[in-house]
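Colleague: Got a minute to go through this model with me? I'd like the strands and then the odd backbone spots.
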Amino acid sequence: MEENSPFVFSRDEIREKGGLKAVFKPEAAQFSDAIEKPGELKSLALTLEFFPDEKGAIILSGALEAELKLECYRCAGLFATRLKENFDEVYEDTVEYIDVREAVRETLVLLMPMKILCSDACKGCCQVCGSNRNAKTCSCQAPKQNPFAALNVVLKNPAPDTDNARHKRSKE
Ligand SMILES: [Zn+2]
Ligand SMILES: [Zn+2]
């Protein structure tokens with residue numbers, strides 16, 4: 001355990017002081033693995049508050065603010081964004097030195113939205129030429145819907161009651 005790391009806090013010190021607060025901006029690079037490529041963590045700011053509870057455990061109440069570059073779900077363009085999240089953790093009284101790195105990394109992983117857009121108005125990419133339609137307007141025609149496509153679906157998947165209907169009719 002690296003006791004001099006800015007991420008490591010002494011349980012005894014927190015107890016003696018009745019609480020401890022730390023605000024710092026760690027190197028973003030050491031958490032880069034928490035962000036899926038081609039996304040990128042640009043900077044990170046942490047606010048950590050520790051409190052001892054009556055049973056001897058240490059409660060961490062943390063806040064994280066991340067500056068990120070993320071890939072748009074619709075147009076695949078990279079864009080800058082800022083996300084905030086709070087997190088809580090309880091460290092048992094047996095933990096002498098509290099390392100917050102794991103909690104920070106987990107919070108970053110959970111922070112990533114599954115489907116994030118560069119803007120609500122993102123136009124996505126052209127289905128024909130693949131160009132980013134936010135950047136330029138191409139003159140491609142959208143592919144025409146085949147009018148028989150719907151009919152094909154019906155023919156391939158006959159409605160479940162078709163057989164019954166035929167059956168009834170043959171009985172009559
Ligand atoms: Zn987009
Ligand atoms: Zn196009």
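Modeller: What follows is a short run through the sheet, its hairpins and some backbone angles.

Modeller: First, the ground rules. This is a predicted model, where local features need pLDDT of at least 70, side-chain atom pairs count only at pLDDT 80 or more, and totals for chains, interfaces and linings use all residues. Residues are numbered from 1 along each chain as its sequence is written, while chains are lettered from A and ligands numbered from 1 in the order in which they are written.

Colleague: Fine. In what order do the strands form the open sheet?

Modeller: The order is β2-β3-β4-β5, with antiparallel pairing. Strands are DSSP runs (E, at least two residues), numbered from the N terminus. Two strands pair if DSSP finds at least two bridges between them.

Colleague: Which strands stand at the edges?

Modeller: β2 (20-24) and β5 (78-91). Each has a single partner strand, so one side of each lacks a neighbour in the sheet.

Colleague: And what does the twist average from one strand to the next?

Modeller: It averages 10 degrees. Axes are lines fitted to C-alpha atoms, and angles run from 0 to 180 degrees between N-to-C directions.

Colleague: How many bridges pair β3 with β4?

Modeller: 12, between residues 40-52 and residues 58-71. Leu 41 stands opposite Leu 68 in β4, and Phe 50 is opposite Leu 60. The two strands make a hairpin with 5 residues between them. Gly 56, in that turn, has a positive phi of about 100 degrees.

Colleague: Next pair. How many bridges join β4 to β5?

Modeller: 14, again with the strands running antiparallel. Leu 70 has Phe 79 in β5 as its bridge partner. This hairpin has 6 residues between the strands.

Colleague: Now the odd spots. Which residue has a positive phi although it is not a glycine?

Modeller: Ala 76, at about 65 degrees. Ala 76 lies in the loop between β4 and β5. Most residues other than glycine have a negative phi, and most peptide bonds are trans.

Colleague: Why does Ala 76 count as partly exposed?

Modeller: Because it has 13 C-beta neighbours inside 10 Å. Buried takes 20 or more other C-beta atoms within 10 Å, exposed 12 or fewer, and partly exposed is in between, with C-beta atoms placed from the backbone.

Colleague: Last one. Which peptide bond is cis?

Modeller: Lys 37 to Pro 38, with omega near 0 degrees. Pro 38 is in the loop between β2 and β3.

Conventions: Helix = DSSP H or I, 4+ residues; strand = E, 2+ residues; numbered from the N terminus.
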